[in-house]
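Colleague: Could you take one part of this model and walk me through it closely? I would enjoy a connected account of a single strand and what surrounds it.

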Amino acid sequence: MAGADRKEQAAEVREFLSTRRQRITPEQAGLPVYGGNRRVAGLRREEVALLAGMSVDYYVRLERGNLSGASEAVLESLARALQLNEAERAHLYDLARAATPSGRRPAVTASRVRPAILRLLDSMTDTPAYVRNGRFDILAANTLGRALYAPVFDSPLFAQRGPVNTARFLFLDPAGRDFWADWDKGADDSVAFLRTETGRAPHDKALTDLIGELTTKSADFARRWARHDVKIHRSGVKHLRHPLVGELALPYEALELPADPGLRINTYIPEPDSPERQALDLLASWTTTRATAPAGD
C-alpha cells in the first residue's frame, strides 16, 4: 500500500472509530459516571478499552488508524463495545482487511451487464427495475424503470457525460429535491451506502473521484460524509414524486448478483390494487402509447 493510501486508510479508520465512540454515553454503555464535567462527547478511550477487554494503549493504537493484524476476536470485542449495528460491524471488518498487507484482493466491480441480466430486466414488464453498481451508476434499466426514473435519465447533468448516476442527480441537480419526496432521508441513505462501498472497494478510483466531486460541489453531501455513517442496501420504501403520476411510496428490493460482483438489481413492487400499483400501470400505459405513436405525433 502506498504511503498516501496508507494515510488515507488510517484517517478513515480513525474517524470511523472516534465517531462511533462519541455517540455512546457512559449510561448507554452501562458504566458509572462520576462528576458532571466530562470534556469529551460520548465514551473516553479508556472506557472503550475497558468495555472491549483490551489495554488502553492497544485501543489508542487502533483508533489512530492501525487495524493491521487485528484478530477477529479483537474486532468482535470492539464491535460490542461500540455497539455497532450490522452494517457498521461489516464496515469495521472491511477496514481491517484493507489495512492488513495482502489481507485481501482489491474488490473488482463488474463493468458491464450480461445479456442474460438484460433479458431478465426486459421480462419484468410490470415492475420497474434497473441494474446499478455501488457508485449508484445505473448501467441498465427496463422500460418501466426508465419511465419511473425519467427525471434522472433526462437530467442535463448526463447530457455530455455518463453513466446516469442517482447520487450526482440527488446532490447536484436541483430537480433532485423534487423527485425525492423525502430528500433528507434519500440524501442520508445515499451517503451511508457510498461510505459502505468505500470499505468494500477502497481502491476504486471512480468511487473516489465521485466522492471528491460531491464533497467539493455539495455542502449537503460534505456534511453527511463527515458523519461516517454506513448502511446496508437491501430493502425499504422509496418515496418519489414523479412529474406524471405524482407521489409514490414504493417498496423496493435490492437483489445482489453473485456472478457480477458489485452489481445489484433494484426492483419496485407495490401491493396489488394499491395507489402505487395503479400509478405504475398508468405510467406503463403512457410509456407504451408514447412508444407506439406515429413519428411526428
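Modeller: The protein chain holds 15 helices and five strands, and please keep in mind that this is a predicted model. Its C-alpha trace spans about 75 × 45 × 35 Å along the principal axes. Of the 297 residues, 48% count as buried. Among contacts with a separation of 6 or more, 57% are between residues 24 or more positions apart.

The part I would pick for you is strand S5, residues 264-268. Five of its five residues are buried, so S5 is largely enclosed by the rest of the structure. In a regular strand the side chains alternate between the two faces of the sheet. Strand S5 can be read in that light: Arg264, Asn266 and Tyr268 point one way, Ile265 and Thr267 point the other way, and all are buried.

Now to the partners. Strand S4, residues 246-256, pairs with S5 in the antiparallel sense over five bridges. One point to look for in this pairing is Glu256, whose bridge partner in S5 is Arg264. Strand S1, residues 129-132, also pairs with S5 in the antiparallel sense, here over four bridges. On that side, Ala129 stands opposite Thr267 of S5.

Asn266 is a good residue to zoom in on. This residue lies in S5 and has a relative accessible area of 1%, so it counts as buried. Leaving aside neighbours within four places in sequence, Asn266 is in contact with Pro128, Ala129, Tyr130, Arg132, His233, Glu253 and Ala254. Ala129 thus turns up twice in this account, as a contact of Asn266 and as the residue opposite Thr267.

From S1 we can step on to the next strand. Strand S2, residues 138-141, runs antiparallel to S1 and is joined to it by three bridges. Tyr130, one of the contacts of Asn266, has Ala141 as its bridge partner in S2. S1 and S2 form a hairpin with five residues between the strands. Phe136 lies in the loop between them. Its phi is near 70 degrees, a positive value in a residue other than glycine. Most residues other than glycine have a negative phi, so a positive value deserves a second look. Phe136 has a relative accessibility of 6%, so this residue counts as buried.

What about the chain after S5? Asp273 is in the loop between S5 and helix H15, which covers 275-292. Asp273 also has a positive phi, near 65 degrees, and is likewise a residue other than glycine. Its relative accessibility is 68%, so Asp273 counts as exposed, whereas Phe136 is buried.

While you have the backbone in view, there is a further place to check, away from the strands. Pro163 lies in the loop between helix H9 (150-153) and helix H10 (166-172). The peptide bond joining Gly162 and Pro163 is cis, with omega about -5 degrees.

To round off the picture, here are two helix packings elsewhere in the chain. Helix H3 (residues 45-52) and helix H4 (residues 56-63) pack at an angle of about 110 degrees, with their axes 9 Å apart. That angle makes H3 roughly perpendicular to H4. From H3, the contact is made by Arg45, Glu46, Val48 and Ala49, and from H4 by Val56, Tyr59, Val60 and Glu63. These contact residues divide into five nonpolar, no polar and three charged.

The other packing joins helix H5 (residues 72-81) and helix H6 (residues 86-99), at an angle of about 145 degrees and with axes 10 Å apart. The crossing of H5 and H6 is right-handed. Here Glu72, Leu75, Glu76, Leu78 and Ala79 of H5 meet Arg89, Leu92, Tyr93 and Ala96 of H6. The residues of this contact divide into six nonpolar, no polar and three charged.

Back at the strand you asked about, the picture is this: S5 pairs with S4 and with S1, and five of its five residues are buried.

How values were computed:
Residues numbered from 1 in each chain as written. Predicted model: local features only at pLDDT ≥ 70, side-chain atom pairs only at ≥ 80, totals over all residues. Heavy atoms only, no water. Axes fitted to C-alpha atoms, helices over the stretch in contact; angles between N-to-C directions. Parallel < 35°, antiparallel > 145°, perpendicular 65-115°, else oblique. Contact = heavy atoms within 4.5 Å. Nonpolar A, V, L, I, M, F, W, Y, C, P; charged D, E, K, R; others polar. Buried < 20%, exposed > 50% of the residue type's maximum accessible area, 1.4 Å probe, protein only. Pairing = 2+ DSSP bridges. Left-handed = near helix turned anticlockwise from the far one by under 90°.
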